[in-house]
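Colleague: I am new to this structure and would like a close look at a single part of it. Please take one helix and its surroundings, and then work outward from there at an unhurried pace.

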Amino acid sequence: MENSVVRLAERIASDFLLEQVKSSYQILGKGITNQVCVVETESRKVVVRMNDKDTFPNFIKEKWCIEQAAAVGVPGPEVLFIGIVDETAYMIQAFIEGDNGLDNTVPTSDVWRKLGEYAKLIHSIQVKGYGGNLIDPLQGDFQSPSHAGSDGSWQGYVQYNINSLTEDDPLIELGVITQMESQKVRKLFENLKSEPFHFGLNHGDISLKNTIVNQSSQVILLDWNAEVNVVPHATVAQLMHYQILGLEESASVEEFKAFMDGYGISEKDLSETRHLLLLRAFDNLRWAIDRSPDLIEPYAAFAKQVIDMIMD
């Protein structure tokens, strides 16, 4: 399987660069979404990222995000081309010399502080709408798909999760919340609905593994999973999410503080961020109940952890 992935990457790179391949290899263990290979020819070294052809809109969105971020001062890989071959969508990027953020020798708090600076710059990019689908690159217009109970808007998203807090809520049966806690959560979500939040572009997966630190100690940001959401809360909530799960790439207490310092925000008032984290945890769990039963148990465990954190 690995050999077929590398061979396809070689074919894609060779057809684009119009040169024979000298060497190639697959990058493993740094991402879970795309298959990633490095391909070298006589004159160029490139990264080929591949996925199912249905994910091509995600490559369009990522290319747009990388270019918009570069315009506000966030360095990223140069996107050389995106396309579809056979059943595979792909993106060709210029190879960046350096070490992955998880492996580099620069103090990790310095990298996290820089990521805080980058997050603030990303949040300044002009966008419209709400959600994870880029529907108009010229206008920077994003959209969230509608579903039963929600029209896809932010208000609809929150209201759907309020309406789901019923006496026969599956989350009560799963042991995530009690009936009394459900009423408290309803009030928290009602407050979120009326809060005058600011919406901006979120990278979606800010972490050390999605960085390269080059020989000049410059931090380069990779692998977008972008959406328009509440800022800065959605980005901070993502970091808190990783901490709760105990992921390798999650920020330590010191690193989290460095990120917040880099952004220029205080840790004193994170109540709204925690409530947004709870909202997403509940929404993801309800999605799993409807669409992906194998994820119910881990999603329920995470939602329970967030409830316990907030209700303490």
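Modeller: What follows begins with helix α4 and then moves to the parts around it and to the sheets. Please keep in mind throughout that this is a predicted model.

Helix α4 covers residues 154-163, and a useful way into its surroundings is the helix it packs against, α9, which covers residues 271-291. The axes of α4 and α9 come within 10 Å and cross at roughly 70 degrees; since angles of 65 to 115 degrees count as roughly perpendicular, the two helices are therefore described as roughly perpendicular to each other. On the α4 side the contact is made by W154, Y157, V158, Y160 and N161, and these meet L276, L279, R280, F282, D283, R286 and D290 in α9. Sorted by class, this contact of α4 with α9 has seven nonpolar, one polar and four charged residues.

W154, which takes part in that contact, also belongs to an aromatic pair, and a search of the whole structure finds 11 aromatic pairs. W154 and F199 are arranged edge-to-face, with 5.6 Å from centre to centre and 70 degrees between the planes. Because W154 lies in helix α4 and F199 in strand β10 (residues 199-202), the pair ties together parts that are 45 residues apart in sequence. The two partners differ in their exposure: W154 counts as buried because its relative accessibility is 7%, under the 20% limit, while F199, at 25% relative accessibility, counts as partly exposed. Ring pairs also link Y130, W154, Y157, F197 and F199 into a cluster, and W154 and Y157 are among the α4 residues that meet α9.

On the α9 side, F282 has an aromatic partner as well. F189 and F282 form an edge-to-face pair, 6.1 Å from centre to centre and with 85 degrees between the planes. This pair links distant parts of the chain, since F189 lies in helix α6 (residues 179-194) and F282 in helix α9, 93 residues apart. Both F189 and F282 are buried. F282 is thus found in the contact with α4 and also in the pair with F189 of α6.

Helix α6 also holds S182, which is buried, with a relative accessible area of 0%. Leaving aside its neighbours within four places in sequence, S182 is in contact with L165 and I177.

A second helix pair can be set beside that of α4 and α9. Helix α7 (residues 233-245) and helix α8 (residues 253-263) have axes 12 Å apart and pack at an angle of about 175 degrees, which makes α7 roughly antiparallel to α8. The residues T235, V236, L239, M240 and Q243 in α7 meet F256, F259 and M260 in α8, and by class this contact has six nonpolar, two polar and no charged residues.

Turning to the strands, an open sheet of three strands has the order β6-β11-β12, with antiparallel pairing. Its edges are β6 (99-100) and β12 (219-221), each with a single partner strand, so one side of each is left without a neighbour in the sheet. Strand β11 (residues 211-213) is joined to β12 by three bridges, and I212 has I220 in β12 as its bridge partner. Helix α3 (residues 108-123) packs on this sheet, where it touches β11 and β12, and its direction makes about 45 degrees with that of β12.

Another open sheet has five strands, in the order β1-β2-β3-β5-β4, and here too the pairing is antiparallel. β1 (21-27) and β4 (79-85) stand at the edges with a single partner strand each, so one side of each is left without a neighbour in the sheet. From one strand to the next the twist averages 20 degrees. Within this sheet, β1 and strand β2 (residues 35-41) pair over six bridges, and the bridge partner of I27 in β2 is V36.

Finally, strand β8 (residues 133-136) and strand β9 (residues 141-143) pair in the antiparallel sense over three bridges, with L134 standing opposite F142 in β9. These two strands form a hairpin with four residues between them, and G140 in the turn has a positive phi of about 65 degrees.

Methods
Residues are numbered from 1 along each chain as its sequence is written. This is a predicted model: local features need pLDDT of at least 70, side-chain atom pairs count only at pLDDT 80 or more; totals for chains, interfaces and linings use all residues. Side-chain values use heavy atoms; hydrogens and water are left out. Two strands pair if DSSP finds at least two bridges between them. Contact means heavy atoms within 4.5 Å. Axes are lines fitted to C-alpha atoms, for helices over the stretch in contact, and angles run from 0 to 180 degrees between N-to-C directions. Angles under 35 degrees count as roughly parallel, over 145 as roughly antiparallel, 65 to 115 as roughly perpendicular and the rest as oblique. Ala, Val, Leu, Ile, Met, Phe, Trp, Tyr, Cys and Pro count as nonpolar, Asp, Glu, Lys and Arg as charged, and the others, Gly among them, as polar. Rings of Phe, Tyr and Trp (its six-membered ring) pair if their centres lie within 6.5 Å; planes under 30 degrees apart count as stacked, over 60 as edge-to-face and the rest as tilted. Buried means under 20% relative accessible area, exposed over 50%, partly exposed in between (1.4 Å probe, protein chains only).
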